Every structure is written in C-alpha cells, then in structure tokens.
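Grab a pencil and keep the 3D view open. Here are a few exercises, each followed by a worked solution.

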Amino acid sequence: MRISFLIFSLLMTLLWGTAQATDAKLQDILHRYKVTQSSALHPEGLQTLILKGTYQDDGKKIQITTIRKAPNKLRDEYEEDGIKTIIAFNGETGWQRREKGDSLSIRDYEAGDYDWLMENANFQTYLLRAFAGEPGITLRLLEDVEEGGRVMHVIVAASDSGMTIKYFLNRVSLYLERLDVLNPDGTLLKGTVYSDYRKIGGIPLAHRKETTKATGESQIHIWDTIEVNPTVYSFLFEKPKF
C-alpha cells in the first residue's frame, strides 16, 4: 500500500512540475509578446490605428480605410461600383451606411448578423486580454511547430463565448504570423497569415493580411500607410442620422 502511495505521489509531483513548467513558459511567451506591442514612443501600446490600403476579394480590388479604437471600435470606409460604404461597430452594435448619388440607406446589423464585425473589432488578441487578467479566456500552450523554416510557438485560446483561436507566434521575433479560427469540433473555419511587418513608432505592424476560409475563398488586405495612436473621436463609430 505504501509503495502504491509513493508511486502515486511521485506521479502527481511529476505532473504538477510539468504543468508548472508549461505555465511558466507560457507566461514568458506572453510577456515577450506583450513587449512587442509597445515602444518608447508609445509606452501604453496601441490605442488607435488608421490603416489605408487595398482590399481584394472575389477578384475585386478596392481602396479601403480602416479606423480602430481600443478596446473594440471599428470603422471601414470604401467605395465600390460608385457606392460609398461605411461599416462600423461602436463596441455594442454594428451599422452600415451606403450612398450612391441621391440614394442613401442606413441600417443596423441585427444580432447574429454582425458576429464577424465584433470579432474584427477586438483591438487586442485573446493572448493579451488573458495576460491582462480578463476572465472567461483559457490559454493552452502546444508544442512548437516549424513552418517555412521558422519555428512557431502555438497557443490555443478558448473563450466563454465559444470562440476558439490558435495563434502562431514566431519564436524569435514573437510576431504573430498566423491565426486560425476553429469550429467547435476543432476543424478549421478560417486562417489568417500576417506578413510584411514594419515598425511604426517602434511597434511592429503587419502590412499584409490574407484570410482564407475552409471553402478556399480568400481575402487580402495590403496596408500602404498605418498611423499609430492618432486622435480618433468615438462619435465616428456611432450610427449617423443621415
């Protein structure tokens, strides 16, 4: 009986030690990743962004301006086929404004129709939100993988809202190179590859983002200019009356 108890105690100690080591490694990775999100010029990190460039989808290429404000405000402005469109999320609700000549329409997105908008509006990754102590997010560190000759740390984030995301961080630079959104059964819903990192105000930002759905459809953002922490007023994200 004492031998069985001894073996059980040793096994539990080993498992506890492994868990502690994994947790310590995860915390170290998160800390180093967080460091990349600020600079001497912007010690508080990213609070607002204005991105201007092109968006490619289904063979079409349009000019787009994206405005972001922490923690979860987003505004996209673009023109396609003569229609000027604004899509925005104010942190609680989403809306769309479309204008062509004398024709104007403004509408709210109904619940369930703008999940994608809420997802894109989150200014910070689940990694940073969990590291800051936000409840309802569980992180799990997987084994490193090699992609394109580069070694990646792989972290799975699961939220109480049902969202599961797999992050791939470059082991050397700690830049986010890939992000996979998973279905509830663990299969891939869509994957996003981030590249062409350049430092703006001392903070590395990807200037190219390509998202590919499980169906094979792809969308590409290429940012020509990115402004870090410009003054952005909250009323820009509120639905206009006209």
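**Exercise 1.** Does Asp180 count as buried or exposed? Work it out, keeping in mind that this is a predicted model.

*Solution.* Start by finding the residue: Asp180 sits in strand 11. Next, take the cut-off, since buried means under 20% relative accessible area. Asp180 has 8% relative accessibility, so it counts as buried. Now look around it. Setting aside neighbours within four places in sequence, Asp180 is in contact with Thr164, Ile165, Lys166, Phe168, Leu188, Lys190, Gly191 and Thr192. Its side chain also makes a polar contact of 2.8 Å with the side chain of Arg178.

**Exercise 2.** Find the largest nonpolar core and say which elements supply at least two residues each.

*Solution.* First, the core itself: it has 22 residues, and Leu127, Leu139, Ile155, Tyr167, Leu169 and Leu179 have the most contacts inside it. Then trace the suppliers: helix 1 (2-35), helix 3 (126-131) and strands 7 (137-141), 9 (150-159), 10 (164-170) and 11 (176-182) each give at least two residues. Zoom in on Tyr167: not counting residues up to four places away in sequence, those it touches include Leu127, Ile155, Arg178 and Leu179. Finally, look elsewhere: another core of 12 residues lies apart from this one, with Ile62, Ile203, Trp223 and Ile226 among them.

**Exercise 3.** Where is the pLDDT below 50?

*Solution.* Begin with the whole chain: its mean pLDDT is 89, and 89% of its residues reach 70 or more. Then pick out residues 5-21, where the pLDDT is below 50. Beyond near neighbours in sequence, this stretch has 0 contacts in the model. A word of caution: where pLDDT is low, don't read the predicted coordinates in detail.

Definitions and conventions. Residues numbered from 1 in each chain as written. Predicted model: local features only at pLDDT ≥ 70, side-chain atom pairs only at ≥ 80, totals over all residues. Heavy atoms only, no water. Core = buried A, V, L, I, M, F, W, Y, C linked by side-chain atoms within 4.5 Å. Buried < 20%, exposed > 50% of the residue type's maximum accessible area, 1.4 Å probe, protein only. Helix = DSSP H or I, 4+ residues; strand = E, 2+ residues; numbered from the N terminus. Contact = heavy atoms within 4.5 Å. pLDDT = per-residue confidence, 0-100. Polar contact = N/O pair within 3.5 Å; in protein donor to acceptor, adjacent residues only side chain to side chain.
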